[in-house]
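Please read these notes with the structure open beside you, and look up each residue as it comes up.

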Amino acid sequence: MDDFTWQYRKLFDHGDAIEKKYHFSTGAALRGGWQAGASVYWETFGFDSSLYAQYRYARTANGLTDTVRFTGVPRIFNRDYVLNFSTPTWNTFSASLLLIFGQDENFFEWAQANILYENWTLAWRPTQKLRVDGTYQMQGYVRRSDGSTVQIGRIPRLKVEYQLSRAIFVRLVGEYDSSKQDALRDETRTFAPILLLQPDGTLAPAAATTRNTLRADWLFSYQPNPGTVLFAGYGSTLTEPEALRFRSFDRTSDSFFVKLTYLFRM
């Protein structure tokens, strides 16, 4: 499959496409409902200066240091490999896996990077009343120059539903969003730290950042008869300094809602 993307002006001026993608995929459905597939992606991305308008870096020449606008290499070339696998949908269990690895774009620093992407899904139905769905996503970018990690994100998510009776239903959803980004640098040329132009005209380093957020949502549903429904829910967001340690949480927000619907019959 081919997929080309142009900037608006270049499209009508017969300019080059800013994104060019060539995807070759194959898949197989095996006996019993098993499925597997493999793909190869060849892609190339052109430098878009508007996306890096706030980027600067310090350059030293002849003993003098000057701050100059960031200019990336004209194009980044990628080669990704994709594997996917899924089990049959049995009465109580099913699972799937998507794996992407290879050489991809490091948009944070406009450079090539080694990428690893994982997406796991799991569905468990131990009884007719209980349903459990879990997912795990991980995406990481590793610099090709020295093997350091420029960015990594992990998102585990769990949803549990239980039908206590015909009229009563409860749900719990928990999601953890962990992201860590290294201090940015001019990866393709000078390795100088990236500076970001602030709204007031000053420059600040593109420093390392972390985010570790846990979001938990509860829902209670009561439907004694068609047309009469009570929903009650509670949600909370918490953060912690270290990823997936589940300690030293700091609560940042809470929310609660109630919804009642009643059908009047005339």
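1. Strands here are DSSP runs of E with at least two residues, numbered from the N terminus, and tryptophan 124 lies in the one called strand S8. Please keep in mind throughout that this is a predicted model.

2. Tryptophan 124 has a relative accessibility of 42%, and it therefore counts as partly exposed, since that class covers the range between under 20% (buried) and over 50% (exposed). Tryptophan 124 also helps to make a nonpolar surface patch of about 680 Å², together with Leu30, Trp34, Phe85, Trp90, Phe93 and Leu122.

3. Turning to the interior, the largest nonpolar core has 17 residues, and those with the most contacts inside it are Tyr52, Tyr55, Phe70, Trp110, Leu184 and Ile194. The elements that give two or more residues to this core are strand S4 (55-61) and strand S8 (111-124).

4. Tryptophan 110, one of those core residues with the most contacts, deserves a separate look. Leaving aside residues up to four places away in sequence, tryptophan 110 touches Phe45, Gly46, Phe47, Tyr52, Phe70, Gly72, Val73, Pro74, Ile76 and Thr188.

5. Is aspartate 80 buried or exposed? Aspartate 80, which lies in strand S6 (residues 75-86), has a relative accessible area of 3%, and so it is buried, the cut-off being under 20%.

6. Aspartate 80 and tyrosine 41 are 39 residues apart in sequence, yet their C-alpha atoms are 4.9 Å apart in space. Tyr41 is also among the residues that aspartate 80 touches, a list including Ser39, Val40, Glu43, Ile100, Phe101 and Ile115, when residues up to four places away in sequence are not counted.

How values were computed:
Residues are numbered from 1 along each chain as its sequence is written. This is a predicted model: local features need pLDDT of at least 70, side-chain atom pairs count only at pLDDT 80 or more; totals for chains, interfaces and linings use all residues. Side-chain values use heavy atoms; hydrogens and water are left out. A nonpolar core is a set of buried Ala, Val, Leu, Ile, Met, Phe, Trp, Tyr and Cys residues joined through side-chain atoms within 4.5 Å. Buried means under 20% relative accessible area, exposed over 50%, partly exposed in between (1.4 Å probe, protein chains only). Helices (H or I, at least four residues) and strands (E, at least two) are DSSP runs, numbered from the N terminus. Contact means heavy atoms within 4.5 Å. Patches are made of residues with over 30% relative accessible area and no salt bridge: like charges are joined within 9 Å, nonpolar side chains (Val, Leu, Ile, Met, Phe, Trp, Tyr) within 5 Å. Accessible areas come from the Shrake-Rupley method with a 1.4 Å probe; for residues, only the protein chains shown count as cover. A salt bridge is a side-chain nitrogen of Lys or Arg within 4 Å of a carboxyl oxygen of Asp or Glu.
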